[in-house]
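Please look over the structure shown here before reading the report on its sheets, its internal spaces and two of its residues.

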Amino acid sequence: MNNTIRILQCNTDNLRYGVDYITKLLPKADLLFLQRFPKEYKEQLTEASGHRVFMLESCPKGNLCLAIAKTTGLITFMDTEAIVLPSHDAVLESKDEWQGCTALRTVINGVNFINFLPAYEFKNKNDECKISDFYRKSDIDFLLKKFKDEPTVIIGDFHVKPNADSTNALLQKFGFTSFIDDAKSFKPCKDKETFNLDKCISNIDITVDNVEVYDTVYTERGHYAISYNLHMPKLDK
């Protein structure tokens with residue numbers, strides 16, 4: 001496998017722009033990391049990518065999933081597994097399938113690649129807090145601590161801006177660096193500018209370049225897909 005991998009990541013928000021928005025971007029990517037991808041489109045994504053797609057419900061018993069896929073036979077997935085996050089019970093109780101409480105890991109050339117969607121703060125229509133930000137922080141802390149001593153790349157929607165001190169403190173504590181903070185990929189509402197919530201973080205010496213945000217579709221609120229070159233270091237076996 002070439003040491004450079006073209007990544008495509010997107011919180012699809014239940015395919016807000018339709019499945020074609022994703023499938024038309026497949027020629028631009030070697031690896032896909034999708035969040036909130038509806039499970040009924042697994043077969044279509046498999047056919048479009050030409051390879052097996054691994055999926056995991058991001059909220060148990062829900063329809064929205066984490067998905068990892070590839071578009072090239074030069075990449076091999078090993079030891080793919082589901083990871084249950086600390087927010088699991090609280091998310092299950094909330095019955096909000098847009099939440100996340102799982103992660104999906106695979107191993108490529110000795111490096112963990114993890115698709116990640118943590119929980120996020122959620123209030124009901126009575127402004128009662130059903131999920132506090134404590135759970136998002138706990139999910140991030142748990143995952144970074146679990147893989148701090150293994151070569152790891154974590155990709156996903158962290159639900160937090162790049163200047164969030166508490167998240168940055170966790171990254172520093174466990175030896176991770178964030179790489180795509182300048183990619184403005186989330187539109188919060190009609191009258192506000194896009195900003196970043198999506199991350200690619202790692203505890204090894206990767207480099208990232210040629211970052212593109214696919215913001216040509218109109219939305220009043222939602223995520224855009226991002227692609228970039230991820231250059232892998234040579235690791236000691």
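The report below takes up the two sheets, then the pocket and the cavity, and then two single residues of this predicted model.

## The sheet from β5 to β11

Six strands make up an open sheet, and their order across it is β5-β6-β7-β10-β13-β11, with mixed pairing. The edges are formed by β5 (78–84) and β11, each of which pairs on one side only. Between β5 and strand β6, which covers residues 102–108, the pairing is antiparallel and extends over 5 bridges; within this pairing, V84 has T102 of β6 as its bridge partner.

Helix α4 (residues 133–147) lies across β5, β6, β7 (111–117), β10 and β13 (198–202), and its direction is at about 175° to that of β7.

## The sheet from β3 to β14

A further open sheet, likewise described as having 6 strands and mixed pairing, follows the order β3-β4-β2-β1-β16-β14. Because β3 (54–57) and β14 (207–214) stand at the edges with a single partner strand each, one side of each is left without a neighbour in the sheet. On average, and with direction ignored, neighbouring strands of this sheet are turned by 15° against each other.

The edge strand β14 runs antiparallel to strand β16 (residues 225–231), to which 6 bridges join it, and D209 stands opposite N229 in β16. Helix α2 (residues 42–49) packs on this sheet, where it touches β2 (31–38), β3 and β4 (64–70), and the direction of the helix makes about 160° with that of β2.

## Pocket and cavity

The largest pocket has a volume of about 300 Å³. It is lined by 15 residues, of which Y120, H159, F186, L197 and R221 are the closest to its centre. By residue class, the lining of the largest pocket consists of 8 charged, 5 nonpolar and 2 polar residues.

How many cavities of 30 Å³ or more does a search of the whole structure find? The search finds 1 such cavity, and the volume of the largest cavity is about 40 Å³. The residues lining the largest cavity are C10, N11, T12, L15, R16, Y17, G18, Y21, I22 and H223, and the elements that contribute two or more of them are β1 (4–11) and α1 (19–23). In this lining 5 residues are nonpolar, 4 are polar and 1 is charged.

## Two buried residues

T152 belongs to strand β10, which spans residues 152–157. Its relative accessible area is 0%, and T152 is therefore buried, since the cut-off for that class is under 20%. When neighbours within four places in sequence are set aside, the contacts of T152 are V111, N112, I114, F147, F176, I201, S202, N203 and I204.

Where does I180 lie with respect to β11 and β12? I180 is placed in the loop between β11 (177–178) and β12 (186–187). Is I180 buried or exposed? I180 counts as buried because its relative accessibility is 2%. With neighbours within four places again left aside, I180 is in contact with Q9, N196, D198, K199, C200, V208, V211, I226 and Y228. The C-alpha atom of I180 is separated by 29 Å from that of K123, a residue 57 positions apart from I180 along the chain.

Note on methods
Residues numbered from 1 in each chain as written. Predicted model: local features only at pLDDT ≥ 70, side-chain atom pairs only at ≥ 80, totals over all residues. Heavy atoms only, no water. Helix = DSSP H or I, 4+ residues; strand = E, 2+ residues; numbered from the N terminus. Buried < 20%, exposed > 50% of the residue type's maximum accessible area, 1.4 Å probe, protein only. Contact = heavy atoms within 4.5 Å. Pairing = 2+ DSSP bridges. Axes fitted to C-alpha atoms, helices over the stretch in contact; angles between N-to-C directions. 1 Å grid on protein atoms, 1.4 Å probe; cavity = no way out; pocket = protein on both sides within 12 Å on 5 of 7 lines; lining within 4 Å. Points joined across faces, edges and corners; volume = space filled by probe spheres on them. Nonpolar A, V, L, I, M, F, W, Y, C, P; charged D, E, K, R; others polar.
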